Amino acid sequence: MSTKSQRLRAILLLVSLELGFLAVLIHLFQIQCLNSNKEDQPLVEPLWTWVKRGNIYGRHYYELASNRDMLSVWADPQQFSPARRARAAQVLAPLLDMAPEEILGLLSKDRGFVWLKRKMDYAQLEPLKTALRKEKVRGIRFKREQKRFYPNGDLVPHVIGFANYDNKGIDGIERSYDDLMMSYEKVTYVHQDGLSRPTDPRDIKDNGPDFSNSVVLTIDEMIQYAADVALTQACEKWQARSGSAIVMNPKTGEVLAMANYPSLDLNDYGRTQEFKKRNRAIWFAYEPGSGFKAFTMAAALSENVVTPETLINCENGRYNYHGDIIRDTHPSGVISATDILVRSSNIGIAKISEKLGIQRLGDYLQAFGFGASTGIDLPYERRGNISALKRWSDEGAGFIGFGHGITVTPLQMLTAMNAIANKGILMKPYVALEVRDGEGRVLQRMQPTEVRRVLSVNTAEQVVRMLVKAVQDGGNKEAQVPGFKVAGKTGTAQKADAGGYSDEKYVSSFIGFLPADNPKISVIVVIDEPQGEHLGRKVAAPVFQQIAVRTIELLTVSSQLAYSRSGNESLSQ
Amino acid sequence: MNHFYNIGCPKHPLETPSVKQRRTRNSFWSRCLSSLRYLFNENRGTHPDHILSFIIFCLLAIGIIMVYSASNIISYDQYNQDSYHFLRQQLYACVLGLMGMFIAARLQYRHYRRLSKPFLGLALLLLILVYTPLGLTVRNIDTGKEYHRWLRIFGVSFQPVEFVKLALIIYVADFLGRRLNHIRSLSKGILPSVLVLGVFFMLIYRQPDFGSALLISMVVLVMLFIGGARMSQIALVGIVAGFFMYLMVKNDADYKLDRLLAFFYSDTPSQVDKALSALSIGGLTGTGFGSSLYKLYRLPFAHTDFIFAVIGEELGFVGTASILVLYMLLIWRSMHIAMRAKDTFGSSLAVGISALFGFQTLVNVGVVTRMLPTKGITLPFISCGGSSLMMNLILIGVLLSVSRSDSSPTTYPVWKR
């Protein structure tokens, strides 16, 4: 230092710097020693995570609906210069299976966030990352999303329904139990870093479920498969337009199987035509035809209009009923009321209906649940149309008596038949057996619900005996199941066409239950517009037999394996 | 170019080279060889300041260890599960920097005068190159603001502003050495160097790197002040600069004014509050090496600007106080060198370097302890950052070179006087 003043100034700088350090030191002493707060540690902080949508299980815990981790790719377009944008588009195009122009368009948007591709296969993550690192493309981000996945998507598609892109149920169980199964955000308090990633493995022990509530169906996977195969084979054989088959436990109202043709794979839901997505078992309203005679007969017996032995003249197959000609397939003379069902005489049942009167017939049909929702826990159920009961006079009752002039759904038919099988008590059908929370505990177990008593026990048993006879003595040998007494009724109805009934379009059906004395299962098979053959006996009855035999086999085997996990003693032999 | 390899290499007095010998002596390799021989010649001149070297080695050791502690998680996440990326980078920079320091210390500091103009030109060039494709543009994700602070040449990226510090200090020191007699006049004295400073300030401010620009101007003003400039003139410069800065801040309100206001009026917990919490948790002895929770993405720039907070959390007041004491010793030692230097150039160099380290450390620690608003200034020798560490070590080399005076027997070593 040349001059004294320079020296002084240098000392001034030195002293002021050292004083500055001293001040910081004192400040630090205050912070770290005097006001030290060890409790200020970021010990636990709230962590918001998504609880996945609940699964859907079959009765035997086969997964019917689940979730899959999917990879979604996004980017912040504002972080990309034009050159980097073009480069990123070139590199990403083959990896995302998109056109480079498309990616370029997305990346050119004036936004801070843009999805490049959503819900790709998660296995793509590593190849993508490697390629991006190699090509030095930055600013591409990944997010894990859930996609609904249906491991057995073609088994009971119509019952399961569908959850859409936003994991919102739009059909079937997915819709009716959407509130219970919905994914939601849960909060847990865990050690985490600044990016909200948990850091302490000890936190992970009790953070609640990863899954929302699951629904277990009453659908038995094996029975469902049997019904599906039998129905599909028949529908393909007869080139039918559509078909449905339902298997139920008549005593509880549990739906064991609900098959529809044409069917679909839920994992291809978006590419499926709309008509395949219909759950025809609850949506298809048809004129039931002869199968309906059982209910008319039940009403007449209950009102003591006839007894099983009452003799009625069936006019040898041709009868002028108030100006309309009614014909029988098997012409008969004077036969008993039982034989009217056995021979499926339209004339006989028309006479009985007329005697019963439209008022009383209507009361019974409504009591059986026709014209109203059955209350099954599935959306989009049709009620059928029984407005004819109000509009028509007593003469019209004759037509309604053998299932014309009104429409019903297969499920309504089977539910009503269950009332006959169940000693006159109508049970509410249901497909969800229980709701379990994310850790497998049962939250809610659905109980069989009695709707009302429709028939007396005596009347119900009389009808059952008539139906057994209808299968044994009538032309319904195709529906017999070896070793079991089957009660059932065929149905063949002409479809209403413009201005009258069609000669080519029929709905063939068979409805029945077994064993007749102590029913375990009831089955309905409805096949719409079979080609070549239209008699319910030929078209639907073999399907009934196939399903019934298989179901009885399965139930017998299952009962030995403690089938009734759900506490349904009635199902075990 | 020939003279470049001969910097500080005196001819051996006993040597009277023949024509042939002279030809071989002038060849490239023999010049390199003689330069190396010169560097490693132990018996020449006096010793550099060993206390200063010791302080620097202590700081380096702490820095490397703490950089690893603060950066391993971030490095693991960002660099393909490689925990050692930043540590390795820091070690490379440290080795290169120590080599640079050794060379800079071995040269006689009077030779730096020759470099003052070329260095200044090179610094200017580098600052302009930042805007060419050689520059690395970093974009803030939240604000969308672009930063042109980096250059990337041959796969090596560095911050030109670090070189600017060295160039400007040498330039002003050289300027003061030459203009010593005119220093008290405005036009011949401080004005030229203030104008040069203004150019660099604007360039750095444009990057934008307001903190570094402010730091450099403070260093230059202090150098002028100690060089003997009039207080009134420095005050005048200060007022004019303040006026211009006010205009700029007004135009750039979203960037700085908000930050200033946020500093004084913010109620929400900001990144600085997190640094305070980290220090507070540390207490007297700290939570233990490697156990910081705030380095897990809670602190921004945990391994660079806010490494002091991580040190405070892991090593406690013991750690932070020892580091501060080391810095105080460093400042004392470098000012000591400045006052003992035998000419104005040397003392100005030392003053500039000590002012640089002093201010930089104070600003960084002040930001971490919430005494100052956030600036983006690193902690010398400790923060992770290759170019910064290398240039700092070279600056220390220059300081050591000043401490190791010329062969003049009357100057150094001080402890022999």
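How many salt bridges does the rule find across the interface of chain B and chain A? I looked this up before anything else, keeping in mind that the model is predicted. The rule finds 0 between chain B and chain A.

**Interface of B and A.** I then checked polar contacts, and the count came to 12 residue pairs between chain B and chain A, with both residues at pLDDT 80 or more. On chain B's side, I noted α9 (210–227), α12 (271–282), α13 (307–340) and α14 (344–368) as the elements giving two or more residues to the surface that touches chain A. The largest share of that side is from α13(B), with 14 residues. Sorting chain B's side by residue class, I got 33 nonpolar, 17 polar and 3 charged. The contact draws on 53 residues from chain B and 43 residues from chain A. I put down about 4,200 Å² for the area buried between the two chains, with 67% of it from carbon and sulfur atoms.

**A sheet in chain A.** Next I turned to an open sheet of 5 strands in chain A, ordered β11-β10-β22-β21-β20 and paired antiparallel. Its edge strands are β11 (255–261) and β20 (487–497), each pairing on one side only. I read an average turn of 10° between neighbouring strands, direction ignored.

Within the sheet, I followed β10 (residues 242–248) to β22 (residues 521–528) of chain A: 7 bridges join these antiparallel strands. Here I marked G243(A), which stands opposite I527(A) in β22(A).

**Helix across the sheet.** Last entry: α18 (residues 457–472) of chain A lies across β20 and β21 (500–514) of chain A. I noted that α18(A) runs at about 80° to β20(A).

Note on methods: Residues numbered from 1 in each chain as written. Chains lettered and ligands numbered in written order. Predicted model: local features only at pLDDT ≥ 70, side-chain atom pairs only at ≥ 80, totals over all residues. Heavy atoms only, no water. Contact = heavy atoms within 4.5 Å. Buried area = accessible area lost by both parts, 1.4 Å probe. Salt bridge = Lys/Arg side-chain N within 4 Å of Asp/Glu carboxyl O. Polar contact = N/O pair within 3.5 Å; in protein donor to acceptor, adjacent residues only side chain to side chain. Helix = DSSP H or I, 4+ residues; strand = E, 2+ residues; numbered from the N terminus. Nonpolar A, V, L, I, M, F, W, Y, C, P; charged D, E, K, R; others polar. Pairing = 2+ DSSP bridges. Axes fitted to C-alpha atoms, helices over the stretch in contact; angles between N-to-C directions.
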